[in-house]
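Student: I am new to this structure. Please take one part of the surface and walk me through it closely.

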Amino acid sequence: VLAEAWRIAAPQVPRAALHLVGRGTMTATVEGLVAGGGGRVRWSPALSTSGVADALDASTALVLPSRSEGLGRVVVEAFCRGRAVVGSRVGGIPDLVTHEQTGILVPPEDPGALAEALVRILSDTELARRLGAAGRVAVEPWLATPEQYATRVRDLVERVVEGT
């Protein structure tokens with residue numbers, strides 16, 4: 001779906017580039033997209049933690065056109081870096097991304113809708129900035145040091161044990 005959406009969107013945003021990250025069953029599709037992308041598509045099968053942060057910092061938005069998704073930790077990572085999210089309206093993505101506030105949600109399996117969202121976010125730097133800034137604010141409750149996390153878990157366990 002992303003490959004098809006990119007083929008639709010790319011001519012409309014000639015300065016934009018697509019950086020694909022990760023491994024999966026669609027390697028041939030990814031390799032074809034990179035080969036036909038005119039240097040505007042690159043692929044990193046794996047990135048270190050700092051590499052993910054660097055890639056997000058260099059991006060306009062995170063694109064997550066999942067068919068199914070749990071919590072979507074990468075959404076939290078994008079919000080931590082102040083990046084908007086363009087994602088499918090599946091699984092945990094809509095639990096994290098508020099449409100038109102912290103990102104743009106599209107129906108799953110809809111390359112036309114995904115392409116339209118990509119063109120919007122890549123053509124409107126103010127929109128991307130506004131959504132990313134709101135995502136950064138929205139992620140604050142998710143952030144905690146290991147000590148804070150341990151305290152929260154201990155407090156939760158104590159409340160459960162006490163029956164409150």
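Tutor: What follows is a close look at helix 8, with some background before it and two other helices after it.

First, the setting. This is a predicted model. The protein chain holds eight helices and five strands. Along the sequence they run in the order α-β-α-β-α-β-α-β-α-β-α-α-α. The C-alpha trace spans about 60 × 30 × 25 Å along its principal axes. Of the 164 residues, 35% count as buried. The accessible surface comes to about 9500 Å², and 55% of that belongs to carbon and sulfur atoms.

Now the helix itself. Helix 8 covers residues 146-162. A nonpolar patch sits on the surface here, with V157 of helix 8 as one of its members. The patch is formed by Y149, V153, V157 and V161. Together they have about 400 Å² of accessible area. Take V157 as an example. Its relative accessible area is 46%, so V157 is partly exposed. A patch residue needs over 30%, and V157 has 46%.

Q148 is also found in helix 8. Its relative accessibility is 39%, so Q148 counts as partly exposed. Compare its position with that of L71. The two are 77 residues apart in sequence. In space, they are 21 Å apart, C-alpha to C-alpha.

Next, the charges. R154, D155 and E158 are linked in a network of salt bridges. Within this network, the side chains of D155 and R154 meet at 3.7 Å, N to O. The cut-off for a salt bridge is 4 Å, so this pair counts. D155 is partly exposed at 29% relative accessibility. R154 is partly exposed too, at 45%.

The structure holds eight salt bridges. Two others help to place this one. In helix 7 (residues 125-139), E126 and R129 lie three residues apart, about one turn of the helix. Their side chains meet in a salt bridge of 2.7 Å, N to O. E126 is partly exposed, with a relative accessible area of 44%. R129 is partly exposed at 47%.

In helix 4 (residues 73-80), E77 and R73 lie four residues apart, again about one turn. They form a salt bridge, with the closest N and O atoms 3.1 Å apart. E77 counts as partly exposed at 25% relative accessibility. R73, by contrast, is exposed at 62%.

One last point concerns the whole chain. It has 17 positive and 18 negative charges, and their mean positions are 5 Å apart.

Notes:
Residues numbered from 1 in each chain as written. Predicted model: local features only at pLDDT ≥ 70, side-chain atom pairs only at ≥ 80, totals over all residues. Heavy atoms only, no water. Buried < 20%, exposed > 50% of the residue type's maximum accessible area, 1.4 Å probe, protein only. Areas by Shrake-Rupley, 256 points an atom, 1.4 Å probe, with all protein chains shown as cover. Lys, Arg positive; Asp, Glu negative; His and termini not counted. Charge placed at Lys NZ, Arg CZ, Asp CG, Glu CD. Patch = residues over 30% accessible without salt bridge, like charges linked within 9 Å, V, L, I, M, F, W, Y side chains within 5 Å.
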